[in-house]
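Me: Please take me through this structure one feature at a time. I'd like each answer to finish on the name or value I ask for.

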Amino acid sequence: MNVCVIGTGYVGLVTGAVFAELGNDVVCVDNNATKIDNLKKSIMPIYEPGLEEMVRRNQEDGRLTFTTDLADGVKRNDVIFIAVGTPAADDGSTDMRFVEAVATEIAAHIDRYKIIVNKSTVPPGTGDFVRGIIERNKRRQVEFDVVSNPEFLKEGSAITDSLQPDRIVIGAPSQNVAMALLELYAPLEAPMIITDVTSAEMIKYASNAFLATKISFINAVANICESIGADVTLVAKGMGSDKRIGKEFLMAGLGYGGSCFPKDTLSLIHTAKKFGETFDMLEAVVKTNSERTPRFLKRIKDVMGDLKGKKFGVLGLAFKPDTDDMRDAKSVEVINALAAEGAKFAAYDPISVENAKPMLPADVEYKDSPYAVAEGADALIIMTEWKEFKGLKLENIRDTMKRPLIFDGRNIYTMDRMERLGFEYVSIGRRKLLKKR
Ligand code: NAD
């Protein structure tokens, strides 16, 4: 099949590469000329395990090309995916600027029957919205269909998720249109769920809202654990062993961040209100999440007292492991809040430093190892649960710190280990290990 993917971000680039890998001819379009120039040279705009190799391989085989020429991409292909950003607007609704711009451009160049597929996460009703834009602006009397095909990949495992998805959701206006998409995805042999367009759009929001709910739920449980002296990691293990509950997304911590959950929860609340409904439960989920950083900051300040001149080592900056994505990363909130009270920082992240720099105070020192970050620090703060942090020689870290104190926002170490090694350790939803001073 000939496929055009518009938007080469985390979703568009991975989608394009995977379709090419499945043997399709794919052109990826972006209006960021630097990104496209780099991609032509196989230089990736993002970090995603396995992506570079897959892009390079398919470029060399001639199945994957990159361009800024949207008109050409539309004309030469039968299926056009829209995978541009849909950030939150100030009122919590979805900013549809990029989708609208792309739909208008598609309308200007559509010259025969095409299937337009919304892969961006878009509010229910966007299928009709895109259809309306193309109808009003098309220059030739041609037929087209608009399909919803929401994306469920996770940054950090995007390639694997795309090759082995739990399900593929196709919201199409008719069975015939759905069949074209089924054919494209058939080689994956994944379960396919065919729905109407609006239901497919809703599936994406309902899924993200549910996962956000699990996170806020366990974080609310963590708060109680802190007060009653229980250990939330054990509570989550006990709960998650029940198949009806499941252990995924039951990790207490600093709450959800990243480019999806924060905006998608707000968007669903906004949609509910727009249609005269309420979603009090989801509003509580958002509120619980917004309280995570202030609570963590309070725990730090309660132990450290006056922060002026205190030196923190920060382990991890990205919003989660295995990505360089800093959108809505908790590290930004935490570091900037502590810096405002006079704290100083040395930070380490395996890959997201360049993305983080513009978001953090200018005097943050960036180091090339976790051990360098710990040297002379009054305390360490763990912001991202990178795997390499779990295997650190903690004795070496302890011996070079000014005070062997760790604030762990991700609960990556066991209480036993920290106690045995003589650390002071303040984590989430567990008792504090502190020495009398
Ligand atoms: P992104 O910001 O990484 O990428 C968007 C790309 O679109 C950018 O490269 C931008 O230059 C390009 N673009 C914007 N306007 C354009 C135009 N007019 N013409 C051509 N290109 C244009 O975004 P993303 O993280 O890939 O997310 C894309 C969509 O997928 C969003 O709706 C998001 O909610 C959804 N989604 C994201 C994830 C994720 O983990 N990132 C997962 C599932 C769904």
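Me: What phi does serine 42 take, just after α2?
Reply: This is a predicted model, where local features need pLDDT of at least 70, side-chain atom pairs count only at pLDDT 80 or more, and totals for chains, interfaces and linings use all residues. Residues are numbered from 1 along each chain as its sequence is written, and side-chain values use heavy atoms, with hydrogens and water left out. Helices are DSSP runs of H or I with at least four residues, and strands are E runs of at least two, numbered from the N terminus. Just after α2, the phi of serine 42 is positive, at about 60°.

Me: Which residue caps the N-terminal end of α2?
Reply: Helix α2 covers residues 33–40. A polar contact is a pair of N or O atoms within 3.5 Å; within protein, one must be able to donate a hydrogen and the other to accept it, and residues adjacent in sequence count only if both atoms are side-chain atoms. Here a side-chain oxygen lies 3.2 Å from the backbone nitrogen of threonine 34, and the capping residue is asparagine 32.

Me: How far is the side chain of lysine 35 from an oxygen atom of the ligand?
Reply: Lys35 is listed with Asp30, Thr86, Glu155 and Lys263 as coming nearest, out of 26 residues around the ligand (near means a heavy atom within 4 Å). A polar side-chain atom of aspartate 30 lies 2.6 Å from a ligand oxygen, and for threonine 86 the distance is 2.5 Å. For an N or O atom in the side chain of lysine 35, it is 2.4 Å.

Me: Where does the ligand lie with respect to the domains?
Reply: Helices α1 (10–21) and α5 (97–109) each supply at least two residues of the shell around the ligand. Domain bounds come from an automatic or database domain assignment. Both domains give residues to that shell, so the ligand lies between domain 1 (2–195) and domain 2 (204–290).

Me: Which helix gives the most to the lining of the second largest pocket?
Reply: On a 1 Å grid over the protein atoms alone, a pocket is an open set of points where a 1.4 Å probe fits, with protein on both sides within 12 Å along at least five of seven lines; lining residues have an atom within 4 Å of a point. This pocket is lined by 13 residues, with Pro123, Pro124, Thr126, Thr271 and Lys274 nearest its centre. Both α6 (126–137) and α11 (261–274) supply at least two lining residues. With 4 residues, the one that gives the most is α11.
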